[in-house]
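Q: Please take one part of this structure and look at it closely, following it outwards into its surroundings. I would like one connected account rather than a list of separate remarks.

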Amino acid sequence: MRYIDSIIAGFGGQGVMLIGNLLAYAGMKDGLNVTYIPVYGPEMRGGTANCTVVLSEEDIGSPIILRPKSLIAMNRPSLDKFQQRVQDGGIHIINSSLIDMELADTERLKCYDVPCNEIADELGNTRMANMVAIGAFVQASGIIPLDALIGSLENVISPRYHKLIPANAEAIKAGAKHVA
């Protein structure tokens with residue numbers, strides 16, 4: 001049975017809500033049941049932000065995740081807050097551009113060192129670090145095909161920014177390639 005639940009966390013402005021929403025749409029596109037719950041801190045840009053996403057072939061009993069099977073941590077405060085909650089053996093995508101990998105719980109978790117900001121910089125836009133991270137997550141987890149993720153970009157990117165879909169697709173592929 002295909003099932004994964006995840007917390008995606010970072011600071012406001014890193015696009016964690018966007019990639020959570022993207023993952024949910026891609027799961028639906030691939031025939032899974034999904035839940036998506038955004039959680040905002042007291043500020044928007046610069047404050048803390050996280051979301052929970054559940055993807056399952058079966059009905060989802062609750063969208064609330066206390067002990068997730070996976071985590072995408074885009075910054076150090078997110079790592080500090082959520083890493084200890086991840087189930088043993090869980091998948092942990094770490095933005096090593098902003099987090100020292102020595103802080104990763106590699107004894108307990110499957111940690112992936114992904115320098116999201118640097119990879120996005122090489123592609124020409126640091127703001128696509130979130131797409132690098134979600135590409136790495138989908139590749140590492142195998143929960144859905146990468147094509148379902150890329151094919152869902154048009155559902156979550158505003159029509160006025162559809163010209164950026166090819167660049168975002170490249171960032172997703174670069175993240176996937178980094179962990180392959």
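A: Two strands are taken to pair if DSSP finds at least two bridges between them. By that criterion strand S1 (residues 3-11) and strand S3 pair in the antiparallel sense, over 9 bridges, and S3 is the part from which this account starts. The model is a predicted one, and what follows should be read with that in mind.

S3 spans residues 48-56 and pairs with S2 as well, again in the antiparallel sense, here over 8 bridges. Asn50 of S3 shows both pairings in one residue, since Asn50 is the bridge partner of Val39 and also the bridge partner of Ala9. S3 is mostly covered, with 8 of its 9 residues buried.

The wider setting of S3 is an open sheet of 6 strands with mixed pairing, arranged in the order S2-S3-S1-S4-S5-S6. The edges of this sheet are formed by S2 and by strand S6 (110-114), each of which pairs on one side only. From one strand to the next, the twist averages 15 degrees.

On the edge strand S2 (residues 33-40), Val34 is a useful place to pause. With a relative accessible area of 23%, Val34 is partly exposed, because the range for that class begins where burial, defined as under 20%, ends. Leaving out residues up to four places away in sequence, Val34 touches Ala24, Gly27 and Met28, and in addition Val54, Leu55 and Ile60. Of these, Val54 and Leu55 have numbers that fall within S3, residues 48-56.

Leu55 also leads towards the interior, as Leu23 is in contact with it and with Val53, together with Ile8, Ile134, Phe137, Val138, Ile144 and Leu149, once neighbours within four places in sequence are left aside. Leu23 is one of the residues with the most contacts inside the largest nonpolar core, along with Ile8, Ile134, Phe137 and Leu153; that core has 44 residues. The largest share of this core, 8 residues, comes from helix H4. Apart from this core lies another, of 11 residues, among them Ala73, Leu79, Ile94 and Ile99.

H4 (residues 129-141) has 13 residues and reaches 18 Å from its first C-alpha to its last, close to the 18 Å expected at 1.5 Å a residue. Because 10 of the 13 residues of H4 are buried, the helix is largely enclosed by the rest of the structure. The buried set runs through Ala129, Asn130, Met131, Val132, Ala133, Ile134, Gly135, Ala136, Phe137 and Val138, and it includes Ile134, Phe137 and Val138, which are contacts of Leu23. Ser141 also belongs to H4; beyond its neighbours within four places in sequence, Ser141 is in contact with Ile4 and Ile91. Ser141 and Ser70 are 71 residues apart in sequence, while their C-alpha atoms are 8.7 Å apart in space. H4 is followed by Gly142, whose phi is positive, near 70 degrees. Measured against the edge strand, Val34 and Gly142 are 108 residues apart in sequence and 16 Å apart in space, C-alpha to C-alpha.

Towards the other edge of the sheet, Asn95 in strand S5 (residues 91-95) gives a second point of reference. Asn95 is buried, with a relative accessible area of 0%. Its contacts, leaving aside neighbours within four places in sequence, are Gln14, Ala73, Met74, Val114, Pro115, Cys116 and Asn117. Cys116 and Asn117 are in turn among the buried residues of helix H3 (residues 116-123), with Ile119 and Ala120 completing that set. Seen down the axis of H3, these buried residues fall within an arc of 165 degrees, so they line one face of the helix. What covers them includes S5, S6, H4 and helix H7 (165-179), and the account thereby returns to H4, which also supplies the largest share of the 44-residue core. Just after H3, Gly124 takes a positive phi of about 105 degrees.

Notes
Residues numbered from 1 in each chain as written. Predicted model: local features only at pLDDT ≥ 70, side-chain atom pairs only at ≥ 80, totals over all residues. Heavy atoms only, no water. Helix = DSSP H or I, 4+ residues; strand = E, 2+ residues; numbered from the N terminus. Expected span 1.5 Å × (residues − 1). Buried < 20%, exposed > 50% of the residue type's maximum accessible area, 1.4 Å probe, protein only. Contact = heavy atoms within 4.5 Å. Core = buried A, V, L, I, M, F, W, Y, C linked by side-chain atoms within 4.5 Å. Axes fitted to C-alpha atoms, helices over the stretch in contact; angles between N-to-C directions. Arc of directions from axis to C-beta.
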